[in-house]
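Hi,

Here is the structure I promised to send over. Have a look at it first, and my notes follow underneath.

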Amino acid sequence: MSDLLSFGGPNRRTFACRILCSKVTLHGRFCLASFEFVEVRTATTADLPAIVSIGFSAWKSTYDDLLDTKTVDRYLTTSYSLDGICLRLEDHVILVADHSDDIAAFADVIVETDKIIVAEVCTADRWRRSGFATELIEEAQSLDPHLPITSDVVLGNHGAEHFYERRGFVPGETVQIDFFGQQIVQRRWWRHPDIVAPPDGAS
């Protein structure tokens with residue numbers, strides 16, 4: 001759970017994240033609150049080991065029950081190999097949420113002439129529901145505020161569907177693709193530039 005306050009410029013957004021955590025004492029449970037500053041910026045090669053670690057963990061926890069294990073393994077072996085992750089960094093923007101030199105989350109963002117595509121967004125287990133993924137989405141939108149932003153979500157990934165819905169996205173068309181040898185169906189979620197994301201909770 002968090003409250004967010006953002007400021008900064010294009011491709012470099014700093015925000016204060018009010019993180020609430022619970023603590024159990026002899027007298028019961030209570031919450032501690034602290035403000036911590038996190039920078040959203042473009043990834044560099046130094047960030048790649050953290051991106052690989054976060055991506056592996058996020059894909060295993062999210063898709064092991066949605067996709068065949070072999071499909072997930074093929075994707076991770078290809079996209080998160082050293083060559084694969086370097087090619088992604090060369091091909092398009094990867095944004096990271098940098099918490100005191102600790103990468104908390106990242107997003108692959110592809111800016112096309114008619115839309116912005118969020119190809120992937122992953123948060124480290126220890127930082128989930130702290131608002132970092134939300135800030136990455138907003139930074140992606142800022143790359144071209146006049147374009148709609150979209151992301152494809154595997155049908156059945158209810159956590160991702162709920163995440164995008166709460167941030168002003170609406171469900172669009174379904175797309176069937178061959179994903180590393182497995183036929184899967186994705187729902188394309190859209191948010192148009194005149195839609196303001198609700199300033200709600202964390203992701």
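A search of the whole structure, which is a predicted model, turns up eleven aromatic pairs. For a pair, the ring centres of Phe, Tyr or Trp (its six-membered ring) have to lie within 6.5 Å; planes under 30 degrees apart are called stacked, over 60 edge-to-face, and the rest tilted. One edge-to-face pair is Phe-179 with Phe-180, at 5.0 Å centre to centre and 75° between the planes. Both rings belong to one aromatic cluster, along with Phe-56, Trp-59, Tyr-63, Tyr-75 and Tyr-80. Phe-179 is buried at 13% relative accessibility, whereas Phe-180 is partly exposed at 29%. (Buried is under 20% relative accessible area, exposed is over 50%, and partly exposed is in between, with a 1.4 Å probe and protein chains only.)

A word on the ground rules. Residues are numbered from 1 along each chain as its sequence is written, and side-chain values use heavy atoms, with hydrogens and water left out. As this is a prediction, local features need pLDDT of at least 70 and side-chain atom pairs count only at pLDDT 80 or more, while totals for chains, interfaces and linings use all residues.

Now the overall layout. The chain has five helices and nine strands, in the order β-β-β-α-α-α-β-β-β-α-β-α-β-β. These are DSSP runs numbered from the N terminus: helices are H or I with at least four residues, strands are E with at least two. Of the 203 residues, 43% count as buried. Among contacts (heavy atoms within 4.5 Å) with a separation of 6 or more, 59% are between residues 24 or more positions apart.

The largest nonpolar core holds 47 residues, and Ile-51, Trp-59, Leu-67, Tyr-80, Phe-106 and Tyr-164 have the most contacts inside it. A core here is a set of buried Ala, Val, Leu, Ile, Met, Phe, Trp, Tyr and Cys residues joined through side-chain atoms within 4.5 Å. Leaving aside neighbours within four places in sequence, Leu-67 touches Trp-59, Val-72, Val-154, Phe-179, Gln-182 and Ile-184.

Helix H4 (residues 132-142) is largely enclosed by the rest of the structure, because nine of its eleven residues are buried. The buried ones include Glu-135 and Glu-139, as well as Phe-132 and Leu-136.

You may also like the largest pocket, with about 1,200 Å³ of space. It is lined by 46 residues, of which Tyr-63, Val-121, Asn-157, Ala-160 and Tyr-164 are the closest to its centre. By class the lining has 22 nonpolar, 14 polar and ten charged residues. Elements supplying at least two lining residues each include helix H1 (48-63), helix H5 (158-166) and strand E8 (170-179). (A pocket is an open set of points on a 1 Å grid over the protein atoms alone, where a 1.4 Å probe fits, with protein on both sides within 12 Å along at least five of seven lines; lining residues have an atom within 4 Å of a point. Points are joined across faces, edges and corners, and the volume is the space filled by probe spheres set on them. Ala, Val, Leu, Ile, Met, Phe, Trp, Tyr, Cys and Pro are nonpolar, Asp, Glu, Lys and Arg charged, and the others, Gly among them, polar.)

Last, a loop residue. Asp-101 has a positive phi, near 65°, without being a glycine; Asp-101 sits in the loop between strand E4 (93-99) and E5.

Cheers
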